[in-house]
Amino acid sequence: MIARGPQQEQPRARIERAISSRPQRRIPAGAAALRIVAIGASNTHGWYVGNEGAFPAQLEGLLRKRGIDVQVTNAGVPFDTTWMMLRRLDRDVPDGTDIVIVQLGSNDLRFLGTMQQRAANVAEMERRLQARSIKTIVYDEKVEKVPLRYYTLDFIHWTREGHAMIAAALLPRVLSMIEHRQNDEPPSRAAHAR
């Protein structure tokens, strides 16, 4: 039996402590179920950790712990580039979706694409989603600077702790969008009857 040192458990404990220390936001009981789609490549899919260990499932769990009725659909496809994500966007994001998380990887550059093409594809995804009144969160590990300790030995894919860190980073962004969605909704008929 191998004893685990404090350094091996430290990232997970730090993530859990950070999540639990954030103030709980109350969502009204009558709020409609939230539908989120996470679109991306192998990291979104959960390479090495499976769908249940990937950040979409972990984010759903964090939101449910806060009493939010939510479904987070994992639309990650290994080896996809942003151009491929753009091609399948309308198919993988059904009507009634509230939020889309676009998780950018490095496949564009790995498969001889350019940063300009990547940026143009992301802008087009955002434009299409905005036209459908769907909020968008773009998560780019190049911008977000995911620490190396959250990568597997291939330095491409995230560990389970890495996925937990990504879910924790996305949580406040999603909660903010939920609050804005509720503030944008017209008052219910019951409120007018008072």
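**Exercise 1. Arg-118 and its helix**

In which helix is the place of Arg-118? Describe the surroundings of this residue, bearing in mind that the model is a predicted one.

*Solution.* Start with the location: Arg-118 has its place in helix H7. Next, take the accessibility of Arg-118, which is 4% in relative terms, so that the residue counts as buried, since buried means under 20% relative accessible area. Finally, list the contacts: once residues up to four places away in sequence are set aside, Arg-118 touches Thr-82, Leu-104, Gly-105, Asp-108, Asp-140 and Lys-142.

**Exercise 2. The two faces of H7**

Determine whether the length of H7 agrees with the expected span, and work out how its buried and exposed residues are arranged around the axis.

*Solution.* Begin with the length: H7 has 17 residues, and at 1.5 Å a residue these should span 24 Å, which agrees with the 24 Å between its end C-alpha atoms. The reason why 17 residues give this span is that the expected value is 1.5 Å times one less than the number of residues.

Then pick out the buried residues of H7, which are Arg-118, Asn-121, Val-122, Met-125 and Leu-129. These cover an arc of only 95° around the axis, and therefore they lie on the same side of H7. The face turned away from this buried side carries the exposed residues Gln-116, Gln-130 and Ala-131.

As a further step, ask what covers the buried residues of H7. The cover includes helix H5 (82-92), strand E3 (99-104), helix H6 (107-110), strand E4 (135-140) and helix H8 (141-144). To finish, follow the chain past the helix, where Ser-133, just after H7, takes a positive phi of about 60°.

**Exercise 3. Salt bridges**

How many salt bridges does the structure hold? Examine the pairs Glu-60 with Arg-64, Asp-80 with Arg-88 and Glu-124 with Arg-128, and state for each what is known of its setting.

*Solution.* The structure holds 11 salt bridges, and the three pairs can be taken in turn.

1. Glu-60 forms a salt bridge with Arg-64, and the closest N and O atoms of this pair are 3.4 Å apart. Both belong to helix H4 (residues 55-65), where a spacing of 4 residues separates Glu-60 and Arg-64 by about one helical turn. Arg-64 is partly exposed, having a relative accessible area of 43%.

2. Asp-80 is bridged to Arg-88, with the closest N and O atoms 2.6 Å apart. Asp-80 counts as buried at 8% relative accessibility, and Arg-88 is buried as well, with a relative accessible area of 5%.

3. Glu-124 forms a salt bridge with Arg-128, where the closest N and O atoms are 3.3 Å apart. The two residues lie in helix H7 (residues 115-131), 4 residues apart, which is about one turn of the helix. At 24% relative accessibility Glu-124 counts as partly exposed, and Arg-128, at 26%, is also partly exposed.

A last step places the third pair in a wider setting, for Glu-124 and Arg-128 are linked with Asp-90, Asp-95, Arg-127 and Arg-132 in a network of salt bridges.

**Exercise 4. The nonpolar cores**

Which residues of the largest nonpolar core touch the most other members, and which elements supply this core?

*Solution.* The largest nonpolar core has 27 residues, of which Ile-36, Leu-63 and Val-174 touch the most other members. At least two residues of this core come from each of strand E1 (34-40), H4, strand E2 (70-76), E3, E4 and helix H9 (160-184). The largest share, 9 residues, is supplied by H9.

Now look closely at Leu-63, which, leaving aside neighbours within four places in sequence, is in contact with Ile-36, Ile-68, Val-70, Leu-171, Val-174, Leu-175 and Ile-178. Apart from this core lies another one of 15 residues, among them Ala-41, Met-85, Val-102 and Met-125.

**Exercise 5. Positive phi values**

Where are Tyr-48 and Phe-79 found, and what are their phi values?

*Solution.* Recall that most residues other than glycine have a negative phi. Tyr-48, although not a glycine, has a positive phi of about 80°; its place is in the loop between helix H2 (42-45) and helix H3 (50-53), and it is exposed, with a relative accessible area of 56%. Phe-79 has a positive phi near 75°, is found in the loop between E2 and H5, and counts as exposed at 52% relative accessibility.

Note on methods. Residues are numbered from 1 along each chain as its sequence is written. This is a predicted model: local features need pLDDT of at least 70, side-chain atom pairs count only at pLDDT 80 or more; totals for chains, interfaces and linings use all residues. Side-chain values use heavy atoms; hydrogens and water are left out. A salt bridge is a side-chain nitrogen of Lys or Arg within 4 Å of a carboxyl oxygen of Asp or Glu. Buried means under 20% relative accessible area, exposed over 50%, partly exposed in between (1.4 Å probe, protein chains only). The arc is that of the directions from the helix axis to the C-beta atoms. Contact means heavy atoms within 4.5 Å. A nonpolar core is a set of buried Ala, Val, Leu, Ile, Met, Phe, Trp, Tyr and Cys residues joined through side-chain atoms within 4.5 Å.
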